[in-house]
Amino acid sequence: MGNIQELRKFVAPEFIVGVGARKLAARYVHNFAGTKALVVTDPGVIKAGWVGDVVGELTKENIDHVVFDKVTPNPRNTEVMEGARVYLEHDCDVVIAIGGGSPMDCAKGIGIAVTNQTHVDKFEGVDQVDIPGPPLICIPTTSGTAADVSQFSIITNLAEYRKYAIISKTVVPDVSLIDPETSLTMDAHLTACTGMDSLVHAIEAYFSKANSSMTDMHALQGMDYLLEALPKVMENPNDMDMRSKVTMGCLHAGLAFSNASLGAVHAMAHSLGGLLDLPHGECNAILLRHVVEFNASEVPERVDIIGDKFGLDLQGMPTKKKTKRVLQAIEDLSSLVGIKDKLAAKGVKISDIPDLAHNALIDPCMITNPRTPNRRDIECVYEEAL
Ligand SMILES: NC(=O)c1ccc[n+]([C@@H]2O[C@H](COP(=O)([O-])OP(=O)(O)OC[C@H]3O[C@@H](n4cnc5c(N)ncnc54)[C@H](O)[C@@H]3O)[C@@H](O)[C@H]2O)c1
Ligand SMILES: [Fe+2]
């Protein structure tokens, strides 16, 4: 994998990471010469107190703003277009996203829909955006998706029950204010799902056909932080050192996948999110073991290194046994963080699998999966995860 002489591009936004980063939002609105901010968020983040906290700072600095909070998990194209309407109605000129991947992805969609004066669905795919959106400030609150540093926006097409990806340099935020304190209000299940999403980002970027030495470095560092800190955060949710390490793990994994793209876990999870509105991180956690098993023969030496990151001693073992131990370690971690269900318990039926497989195969994340699957392969992986 990865010839060092090949041309490579690496895109990352400006970001500030550390406790208190969120308090810099007003300063950045000034830096971007913004006069009115659209704050994109959701009711859960408001309830957790983070919107009041940031908006309070804006008010103190006399920055005019309007809050748009009609964002649901697996954000919908209709919500993006409603947000774009509110932006225009209030003459906004800067966007602040506060929340997890859903408000951040919605905010990205709102920005490009406004500047290009078109429907967000037009941007599906790779490099389909002509004009960048207005300045976008992200304040992530889940230590999970890393949408705040990524070139991705994942939107649900409500009419087609399908999630699609917009992949474009233009949706990389202008600045990300990454404050680990915001993760303190997540409950155990949300912490587990979003932390596992980050781990899957690191592993899929490391397995990706579009990896590079730069993305490998971030993917491996991401795994180190997450594998050390996620189990400890589950044990002691108020441990700020460990919360900060999960946040750093999320950031490194995000820099890796934004530039190396992802693989079959994400393609299949997007399909589940679109058809059945299931939580993204939980889908990833359930699928990971099965997709690694499918991919292992294509990237055996990388499976060994992941085993090493999990703290396994695999020396001298035959390849098949090594893979089995790594799969077991992934399962053990999922159990430890409390994700024990399989897909059937989440409401997936065997009759859903043909449609799920169809949508997963056309997802752009599938292109960089190390082993190229056919439709039956994907159906089999869903069946194993059922
Ligand atoms: N753009 C990207 O690069 C990228 C990458 C991975 C995933 N995603 C997308 O992101 C979405 C998932 O985002 P997510 O996992 O961050 O969850 P989310 O944004 O959907 O939020 C889930 C729930 O958590 C609540 N919440 C958020 N922060 C909280 C906090 N600090 N305390 C208490 N509650 C809080 C929200 O109110 C919401 O109810 C999916 O749609 C997925 O496809 C995007
Ligand atoms: Fe993800």
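**Exercise 1. Determine in which sense β2 and β4 pair, and over how many bridges.**

Solution. Step 1: β2 and β4 pair in the parallel sense over four bridges. Two strands count as paired if DSSP finds at least two bridges between them. Strands are DSSP runs of E with at least two residues, helices are runs of H or I with at least four residues, and both are numbered from the N terminus.

Step 2: In this pairing, Ala 37 stands opposite Val 94 in β4.

The coordinates are a predicted model, in which local features need pLDDT of at least 70, side-chain atom pairs count only at pLDDT 80 or more, and totals for chains, interfaces and linings use all residues. Residues are numbered from 1 along each chain as its sequence is written, while chains are lettered from A and ligands numbered from 1 in the order in which they are written.

**Exercise 2. Describe how strand β2 is joined to β3 and how far β2 is covered.**

Solution. Step 1: Strand β2 spans residues 36-40 and is joined to β3 by five bridges, the two strands running parallel.

Step 2: Lys 36 has Asp 64 in β3 as its bridge partner, and Val 39 stands opposite Val 67 of β3.

Step 3: Four of the five residues of β2 are buried, so the strand is mostly covered. A residue is buried if 20 or more other C-beta atoms lie within 10 Å of its own, exposed if 12 or fewer, and partly exposed in between, with C-beta atoms placed from the backbone.

**Exercise 3. Give the strand order of the open sheet and find its edges.**

Solution. Step 1: The open sheet has six strands in the order β1-β9-β6-β4-β2-β3, with parallel pairing.

Step 2: β1 (14-17) and β3 (64-68) each have a single partner strand, so one side of each is left without a neighbour in the sheet.

Step 3: On average, neighbouring strands of this sheet are turned by 20° against each other, direction ignored. Axes are lines fitted to C-alpha atoms, for helices over the stretch in contact, and angles run from 0 to 180 degrees between N-to-C directions.

**Exercise 4. Place helix α5 relative to the sheet, then describe the surroundings of Ala 107.**

Solution. Step 1: Helix α5 (residues 101-116) lies across β2, β4 (94-99) and β6 (136-140), and runs at about 165° to β4.

Step 2: Ala 107 is in helix α5. With 32 other C-beta atoms within 10 Å, Ala 107 is buried.

Step 3: Neighbours within four places in sequence left aside, Ala 107 is in contact with Val 40, Val 95, Ala 97 and Leu 136. Contact requires C-beta atoms, placed from the backbone, to lie within 7 Å.

**Exercise 5. Two residues other than glycine have a positive phi: classify Ala 33 and Ser 261 as buried or exposed.**

Solution. Step 1: Ala 33, with a phi of about 60°, lies in the loop between α1 (25-31) and β2. Ala 33 has 9 other C-beta atoms within 10 Å and is exposed.

Step 2: Ser 261, with phi near 65°, lies in the loop between α8 (240-260) and α9. Ser 261 has 26 C-beta neighbours inside 10 Å and counts as buried.

**Exercise 6. Find the buried face of helix α14 and of helix α13, with the packing partners.**

Solution. Step 1: In α14 (residues 375-385), the residues Ile 378, Val 381, Tyr 382 and Ala 385 are buried. Seen down the axis of α14, these residues fall within an arc of 100°, so they line one face of the helix. The arc is that of the directions from the helix axis to the C-beta atoms.

Step 2: An α-helix has 3.6 residues a turn, so residues three or four places apart point the same way.

Step 3: The buried residues of α14 pack against α9 (264-276), α10 (280-295) and α13 (353-361).

Step 4: In α13, Leu 356, Ala 357, Asn 359 and Ala 360 are buried. Their arc of only 165° around the axis puts them on the same side of α13. They pack against β8, α9 and α14.

**Exercise 7. Describe the two domains and the side of domain 1 that touches domain 2.**

Solution. Step 1: Domain 1 covers 14-183 and domain 2 covers 186-385, with bounds from an automatic or database domain assignment. Their C-alpha centres lie 25 Å apart.

Step 2: The contact takes 26 residues from domain 1 and 31 residues from domain 2.

Step 3: On the domain 1 side, β5 (125-126), β7 (152-157) and β8 (162-167) each supply at least two residues. β8 gives the most, with four residues.

Technical notes. Two residues are in contact if their C-beta atoms, placed from the backbone, lie within 7 Å.
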